[in-house]
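Trainee: I'm new to this structure and would love a close look at a single part of it. Could you take me through one sheet, the helices around it and the spaces beside them?

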Amino acid sequence: MSEPSLTSLEITAQPGCWRRAARAAASTPPGLPRAGERVAVTGCGTSWFMAQAYAALREASGQGETDAFPASEFPVSRTYDRLVVITRSGTTTEVLDLIAEVRERWEVLALTADPASPVVAAADEAVVLDWADEESVVQTRFATTALAFLRAGLEAGGRLPEGVRRVAQAAADAETALSEPLPRAALTAEQWTFLGAGWAYGLAQEAALKMREAAGAWTEAYPAMEYRHGPIAITGPGRAAWILGPAPAGLEADVSRTGGVLVSDGHRLDPMADLIRAQRLAVAVAESRGLNPDTPRGLTRSVILKG
């Protein structure tokens, strides 16, 4: 039997990383957004999708207006109290350029994995999650740990949106997601569409990205209710729609009529834990195609643009 990939090993480390992140956030570190602040969250790729999830969670919790943008498309003419940056390497060109442009106007908090990276000096405050760093190019545990940290910060603020579990419960659900077999219909599908509502939409985007990065797979992602306004046309026999979080009423019947299959565990697993199942699926599909998920085609650990 071959050795597990680095990506697989990093995926399995997530429950412990989330618990450690929750303990770190419980002390309310400097730089975390305060209730009532107008906040923007940014990143690139996976980090942008984690930014989307956190922004939706924070605003739904009633702690303040919160927007998420990719660093390369950030509307710098807007006014915010605080910018939260998620960047594993701390070296991404677009992120550093954005901080340089707005730091004189807004407080900047950076979450990164490298204490020696340029983003630590560029930001007003930095949270270094070096114990969640990865050797893999494809992000898994750092991104979800950063989200767990920010999510636990909302818990410390005393408010969570209705129906959203605490990070401790999400970590327990993650252990379940790691221990159970993957749905056979998902493993044998030829195409996957990931869905989510509210904060889980960012996670659906991330699930689709993992499949593209690790397996070169044909995947799409949409808000759960928007899926029926056109994108459902792509679903059919041999294709799967996977929803992270509870499924809207009637969705299963709609997918069934296409001949496709709906993968749904949203009433049992926290959406972040269900993302782990999608990460595992990406590795499994990659390996079934003879690909190494540790060395995705055309990708590097950080995008650094030359002059």
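Mentor: Here is a walk through one sheet, its helices and the spaces in the structure, followed by a short visit to another strand.

Please keep in mind that this is a predicted model. Let's start with the sheet itself. It is an open sheet of 4 strands, paired in parallel and ordered 7-6-8-9. Strand 7 (219-223) and strand 9 (261-264) stand at the edges; each has a single partner strand, so one side of each is left without a neighbour in the sheet. On average, neighbouring strands here are turned by 25° against each other, with direction ignored.

Now for one pairing in detail. Strands of a sheet pair through backbone hydrogen bonds, in either a parallel or an antiparallel way. Strand 6 (residues 191-196) joins strand 7 in the parallel sense, over 5 bridges. To find a spot to look at, go to T193, which stands opposite E220 in strand 7.

Next come the helices. Helix 9 (residues 200-215) lies across strand 6, strand 7 and strand 8 (239-244), and it runs at about 175° to strand 7. Helix 11 (residues 271-288) also packs on the sheet, where it touches strand 6, strand 8 and strand 9. The direction of helix 11 makes about 150° with that of strand 8.

These two helices lead us to an enclosed space. Rolling a probe the size of a water molecule over the atoms shows where empty space is left. The structure holds 1 cavity of 30 Å³ or more, and the largest cavity has about 30 Å³ of space. Its lining is made of T7, V138, T140, K210, A214, Q279, A282 and V283. Helix 9 and helix 11 are the elements that give two or more residues to this lining, and the largest share, 3 residues, comes from helix 11. By class, the lining of the largest cavity divides into 4 nonpolar, 3 polar and 1 charged.

There is also an open space to visit. The second largest pocket holds about 260 Å³ of space. It is lined by 18 residues, and those closest to its centre are G163, V164, W199, P246 and P271. The lining of this pocket has 9 nonpolar, 5 polar and 4 charged residues.

For a second set of strands, turn to strand 3 (residues 82-86). With 5 of its 5 residues buried, strand 3 is largely enclosed by the rest of the structure. In a regular strand the side chains alternate between the two faces of the sheet. In strand 3, R82, V84 and I86 point one way, while L83 and V85 point the other way, and all are buried. Strand 1 (residues 39-43) pairs with strand 3 in the parallel sense over 4 bridges, and R82 is the bridge partner of V39. Strand 3 also pairs with strand 4 (residues 107-112), again in the parallel sense, over 5 bridges. There, L83 stands opposite V108 in strand 4.

One last stop is a charged residue, D67, which lies in strand 2 (residues 66-70). D67 has 16% relative accessibility, so it counts as buried, the limit being under 20%. Leaving aside residues up to four places away in sequence, D67 touches R38, V39, A40, V41, A55, R78 and Y80.

Notes. Residues are numbered from 1 along each chain as its sequence is written. This is a predicted model: local features need pLDDT of at least 70, side-chain atom pairs count only at pLDDT 80 or more; totals for chains, interfaces and linings use all residues. Side-chain values use heavy atoms; hydrogens and water are left out. On a 1 Å grid over the protein atoms alone, a cavity is a set of points where a 1.4 Å probe fits but cannot get out, and a pocket is an open set with protein on both sides within 12 Å along at least five of seven lines; lining residues have an atom within 4 Å of a point. Grid points are joined across faces, edges and corners, and a volume is the space filled by probe spheres set on the points. Ala, Val, Leu, Ile, Met, Phe, Trp, Tyr, Cys and Pro count as nonpolar, Asp, Glu, Lys and Arg as charged, and the others, Gly among them, as polar. Two strands pair if DSSP finds at least two bridges between them. Axes are lines fitted to C-alpha atoms, for helices over the stretch in contact, and angles run from 0 to 180 degrees between N-to-C directions. Contact means heavy atoms within 4.5 Å. Buried means under 20% relative accessible area, exposed over 50%, partly exposed in between (1.4 Å probe, protein chains only).
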